[in-house]
Amino acid sequence: MKVSKFLVSALVVVATTVSSMAQTAEEIAKKHIEAIGGVEKWKAIKSIEIQNRMSIGGMEVESKSIILVGKGLRTEASVMGQKIITALDGDQGWTILPTMMGGTGEPQELPNAVTKQTKGQMNFGGALIDYVEKGATLELVGKEKVDNVEAYRLKLTEKNGDVTNVFVSPSTYYIVKTTANRVINAKNTDIELSFSNFKAVDGLIFPYTTEIPSPMGGGQMTMEVDSIKLNPSVDEAIFKKPAKK
């Protein structure tokens, strides 16, 4: 009797494992989108304002990002009393970096690679929303441990050839990690983001904590969301690059 019970339990485990691996990349993506609120709710978002705090080497940096779908993005960060501005106006990116941080204090164009990377922040709902319509392909590579959990590893290949590895929780179907390699300032740069502390805002799920390995080594940079406003009114003029003084 004990042997038969053991065999039944073993078969259930095997069947469950086979079933989970039998899921396709498309099915996992669909479950993910449903889990974070559904494509229709995300498409109803036309603008967003996010207040963040980031801990970097013992310093706390406060920032505010405003995004308007199809129009622009603007992030203002305050560091030691100095303001850093990064903005996109359509496909054009610019920044103002204080002199004490190696800048000129004047508006400067962002490098194309940085503009492209920043533009990815304008994809409301994440990389898997409408990936087919954007000309990307998705492949289920297998499973990989993320914080001791066997997450689904998806390979997202964009129309231009850029590849992002997307790790999806098998229990919540939230994206818990992404990794990629991009050329920034003529150098191949590994980009890794880990997501946690998920919360609902008007029925949509957002990660309130993002961890990024420090580019200086030896630890993580942690970004915490303080508040999120959906569909605030936005003046498009804030995305325009100001004239030099």
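# Reading a predicted model, feature by feature

A: Let's start with a contact between two strands: in this predicted model, the side chains of lysine 229 and glutamate 49 meet in a salt bridge, with 4.0 Å from N to O. This pair links distant parts of the chain, since lysine 229 belongs to strand 13 (residues 220–230) and glutamate 49 to strand 1 (residues 47–56), 180 residues apart.

Q: Is lysine 229 buried, partly exposed or exposed, and what about glutamate 49?

A: The general idea is a scale of relative accessible area: under 20% is buried, over 50% is exposed, and what falls in between is partly exposed. Lysine 229 has a value of 47%, so lysine 229 is partly exposed. Glutamate 49 has 16% relative accessibility and therefore counts as buried.

Q: Which side chain meets arginine 53 in a salt bridge?

A: That partner is aspartate 226, at 2.8 Å from N to O. Arginine 53 lies in strand 1 and aspartate 226 in strand 13, so this pair ties together parts that are 173 residues apart in sequence. On the accessibility scale, arginine 53 counts as partly exposed at 28%, and aspartate 226 is partly exposed too, at 41%.

Q: How many salt bridges does a search of the whole structure find?

A: The search finds nine. One of them is between glutamate 76 and arginine 74, whose side chains meet at 2.8 Å, N to O. Here it helps to look for shared partners: salt bridges of that kind join Arg74, Glu76 and Lys83 into one network.

Q: Where is glutamate 76 found, and is glutamate 76 buried or partly exposed?

A: Glutamate 76 is found in strand 3 (residues 72–79). With a relative accessible area of 24%, glutamate 76 is partly exposed, whereas arginine 74 counts as buried at 16%.

Q: How far apart in space are glutamate 76 and glutamine 51?

A: For this kind of reading, put the sequence separation and the C-alpha distance side by side. Glutamate 76 and glutamine 51 are 9.8 Å apart, C-alpha to C-alpha, with their positions 25 residues apart in sequence. You can read isoleucine 84 and threonine 95 in a similar way: they are eleven residues apart in sequence and 7.5 Å apart in space, again C-alpha to C-alpha. Isoleucine 84 sits in strand 4 (residues 82–89) and is buried, with a relative accessible area of 19%.

Q: Now the backbone. What is the phi of tyrosine 173?

A: The background first: most residues other than glycine have a negative phi. Tyrosine 173 has a positive phi of about 65°, although it is not a glycine. Tyrosine 173 lies in the loop between strand 9 (163–168) and strand 10, and is buried at 13% relative accessible area.

Q: And what is the phi of aspartate 202?

A: Aspartate 202 is not a glycine either, yet has a positive phi of about 50°. Aspartate 202 is found in the loop between strand 11 and strand 12. Tyrosine 173 is buried, whereas aspartate 202 is exposed, with a relative accessible area of 65%.

Q: Let's turn to pockets. What is the volume of the second largest pocket?

A: As a general idea, rolling a probe the size of a water molecule over the atoms shows where empty space is left. In this structure, the second largest pocket has a volume of about 200 Å³. Three elements give two or more residues to its lining: strand 10 (175–184), strand 11 (187–201) and strand 12 (204–213). Strand 11 provides the largest share, four residues.

Q: Which residues line the second largest pocket?

A: The lining consists of Val146, Asp147, Val176, Lys177, Glu192, Ser194, Phe195, Ser196, Glu211, Pro213 and Gln220. By chemical character, these residues divide into four nonpolar, three polar and four charged.

Q: Last, the outer surface. Which residues make the nonpolar surface patch of about 310 Å²?

A: Met59, Met80 and Met100 make this patch. To be counted in a patch, a residue needs over 30% relative accessible area. Methionine 100 has 47% and is partly exposed. Methionine 100 lies in the loop between strand 5 (92–96) and strand 6 (107–109).

Terms used
Residues are numbered from 1 along each chain as its sequence is written. This is a predicted model: local features need pLDDT of at least 70, side-chain atom pairs count only at pLDDT 80 or more; totals for chains, interfaces and linings use all residues. Side-chain values use heavy atoms; hydrogens and water are left out. Patches are made of residues with over 30% relative accessible area and no salt bridge: like charges are joined within 9 Å, nonpolar side chains (Val, Leu, Ile, Met, Phe, Trp, Tyr) within 5 Å. Accessible areas come from the Shrake-Rupley method with a 1.4 Å probe; for residues, only the protein chains shown count as cover. Buried means under 20% relative accessible area, exposed over 50%, partly exposed in between (1.4 Å probe, protein chains only). On a 1 Å grid over the protein atoms alone, a cavity is a set of points where a 1.4 Å probe fits but cannot get out, and a pocket is an open set with protein on both sides within 12 Å along at least five of seven lines; lining residues have an atom within 4 Å of a point. Grid points are joined across faces, edges and corners, and a volume is the space filled by probe spheres set on the points. Ala, Val, Leu, Ile, Met, Phe, Trp, Tyr, Cys and Pro count as nonpolar, Asp, Glu, Lys and Arg as charged, and the others, Gly among them, as polar.
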